[in-house]
Amino acid sequence: MDPITALLILVCVIVGGLLASLGVHMIPVGGAPAAMGTATGIATGTVQLMFGAALTGLFTASTVATFFETPSPLALVLVALSGAVGAMLMMSFTMLFANMLYVFGAGVVPVSGRVEVDPITKEPQTPYKTPQTDGHGVPNVSYISGWIGAFLGGFGGALMYFVLKNYAFPASLFPELGAVDAEMISAAAAGIAAAGIFVANAILSAYNIGGTIEGFHDPKFKRLPKALISCAVVSALCGLCVIIASWGLMGGGV
Amino acid sequence: MTVPTAPVEEEEKKPEKGWPPTETKLGIIAAVLGIIMTILPFMPSFVKAIGLTFVLVWGADSVRKTSRYGLGTGVPSIGVLAVGYGVIGAIAGMGIAKVGGDFTIGGVEVLNVGVLGGVAIAALIGYISGIFSNSEKFISMKIPGLERGMTELGVAGTLAFLLESSMVAGTLKLDAVLEDVFLSGAIAFMFVMSAIGMFHPFNACLGPDEDRGRTLLLSFEISGLICIILGIVSIALGAEWLGSSSLGLLNAALLILYGIVVWVVFYAKFVRRSFEASYEVVGTGLIKTVK
Amino acid sequence: MPFEILFGLLLLIAFLAFVACFFEDAESDCGSQSNPNSQVQLAAQIGYVHRFFNKAISGEPLSNCMYATTACTVTWVLLRQFEPMFPAEKWKAAILAIPLGVLAGEIFHLIFATTAHLGRTSGQSRFQQPLYLDVFYGHLVPIMTHGFMTTFCITGIAYLQANLGTLSGIPELNHPFPLPLLGFIWGITVGSIGSSTGDIHYGTERIFQDRPFGEGKRVVYHGMITRYADCGIRTQKDIVAFCIKYGCPLTGMTFGMIILFENWRTVLGMLGGGYLTAGSAAGAAAAAIGIVIGLVIGIALILGNLYLVRWARKRYGPFVGE
């Protein structure tokens, strides 16, 4: 395996991990309190939501990856963007329908608990907030933050998938199987490895924010660099693992 | 996601009849057993399954001791972290095993120490992420023993994947494993069930009266379920054992039998102990009114 | 003809997605799971002994992923056995393989539901929370049947997507992921949508129904769940009857819309870029059109949220009350 490919895998895995971490910091997640309308954000765990969004993106990205027979920079960008848009759509629909449930099912107005005025639409937040809660629903600033966060996370996941599929576990390594099966092995190996790396980074980032965050306007967002350093190191080691696996698969040697 | 409400106080009761062993003792037993079963790929599947069972119990114990203090994101996250590291460590280990470290006698892969490289890398990743998570300068979770817990989880996750792959594919070389385990998609099943096997016991038993011995019984039970499905998968794949397909069928049948026996024994044990430990078991009844 | 069949199959997938997520939410109300379950867990600790079913298997994404992946793995095994019997019409094998596979997944579900309820109840014995056997046994079948619907639809989606090309006559459209991996992906996604959307109706409204409507639930209310039904003592089954009127359909629609628009933009890209006729030469154009359509939908959704929030603020006004 030549060093340039190895470097490409390493760099893309680190970038993917960093984007996953950044995405986790930007999606508005309220965890368990959000399900009771006691905290702003989506009513589930950070990791699960980000993982769900990224996997939706991964599904579309893997479909789009079959459009291209040979890997090229254009293909890489298009596949990663497809994944990003898939994840973004999943998150947008989820946040919008969650808001519909808050507004029509529980009769609460989406407000932020961390800022007094919405930084984007300049709407006042505090008068609309129920006392003794930390906000409820997904206000506009959190919505846009989550939109961008899911886009970045999906981009990272799909980027890792594309690079691992075409460079770490390419279908050409399994010539004795048919073309369809070789393609399937390559996709499955890349998909599971990308999911493993993605979820590890997402979990470390979720620990950094303590499980809940409102978006980029939340004071917790300032903790981002700490998570990015940790995720970069962990992703680099994961990338190294993938390179070792790929090196072994290609018969060793240098 | 359910969030632990408060740090649960540790009230170690006297272990009855040597069960449960202390955390360190269990870790050593499980690691040694798991590694021995992993590096001997020629062993019948149900023997490897014993290793898998102990590895999952060890992982569940590590999840228990780290998430007792409240992680902020619920118990499941740390179990998924373990399999995330585990799948990466396992493919690295099997990649090393593909090029070296194996001893083959008469076409049968007898010993394979190359995979231990992957286990070591997973341990390293787990330890480093534990340091980052606990360090004041970084994520600062301040959970005592998190470094050790994450290291153990990385190793347990990797060993679980290696054992499961070798149970289905009969070998630890990455190309053969990819053709059997990844092409069939059984890897997805392993991914989620290994995670469930590690975090479900503590997640399901969470509460102030949680008892370590009872919690760990669940992990045994889940490993039985994993063995049943993996046995069915290896029958469908027509896996061979010692170069013979009829022996392979016997091997898979024994694995299913092992799974059923383990599941029945430990499920019954868990149900019985839960009934005993409950405040009261009533057929039906009203609730007491709150003043 | 293949295009019509393709579109029909995609609509079928979107419909199955709607049903899947509808029942996913209903199932998480049948046995209390995921985020609102923290209240059921807390209730006993503050003296509110209850007759709810505490089904803390894990977060919804992972538990649904487990049932779907198990179902898809067993389905894959059975398909492998049955498909050689019908060499020309392989889809016939799926008619038996999918329900049997799903049954296996649901047996797992049942086992985990029992262990979770028993474990959580026995872990709370100091709060005098009894283990009601009628609650325990009475909820198992509803949990399993609702779960069966979810897992069946997810397995169906995974099967259709894995064989989309074969079924529609355009072989290159078969998805490259193996069946269990597709089950894994959609299991995680259906669970994360079910828990992030559907939980709100259960957690904010139903479980605190004797608290004022129209406000977020204050921290002091936590754990003080509504334990009495319209008549008698509320059990978990009463929750389903309520949430199925609004929370479940909306949750189902979320997942249905996601799948519909995801497929729609991909297929529209393929048609617009000419991928279906020209092959991989038109791949870049097909991908680009899909991305642009997706971005347009995404921006439309942002505008939709702006409108919704503005409407709610104007209509409901600032917080009144204490």
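**Notebook: the contacts of chain C**

I looked up strand pairing between chains and found that strand β3 of chain B, residues 281-282, runs parallel to β1(C), the two being joined over 2 bridges. I note that the model is a predicted one. Within this pairing, I located V281(B) opposite L131(C), a residue of β1(C).

I next examined the contact between chain C and chain B. I recorded 55 residues from chain C and 49 residues from chain B. On the chain C side, I listed the elements that supply at least two residues each: α2 (37-45), α3 (60-82), α4 (91-122), β1 (131-132), α5 (133-162) and α7 (179-206). I found that α3(C) provides the largest share of this side, 11 residues. Sorting the chain C side by class, I obtained 25 nonpolar, 24 polar and 6 charged residues.

I then turned to the contact between chain C and chain A. Here I recorded 70 residues of chain C in contact with 72 residues of chain A. For the side of chain C that touches chain A, I noted α2, α7, α9 (247-273) and α11 (283-316) of chain C as the elements giving two or more residues. Which element gives the most to this side? I identified α11(C), with 21 residues. By class, I entered 36 nonpolar, 26 polar and 8 charged residues for the side of chain C that faces chain A in this contact.

Last, I compared the two lists of elements. I see that α2 and α7 of chain C appear both on the side touching chain B and on the side touching chain A.

Notes
Residues numbered from 1 in each chain as written. Chains lettered and ligands numbered in written order. Predicted model: local features only at pLDDT ≥ 70, side-chain atom pairs only at ≥ 80, totals over all residues. Contact = placed C-beta atoms within 7 Å. Helix = DSSP H or I, 4+ residues; strand = E, 2+ residues; numbered from the N terminus. Nonpolar A, V, L, I, M, F, W, Y, C, P; charged D, E, K, R; others polar. Pairing = 2+ DSSP bridges.
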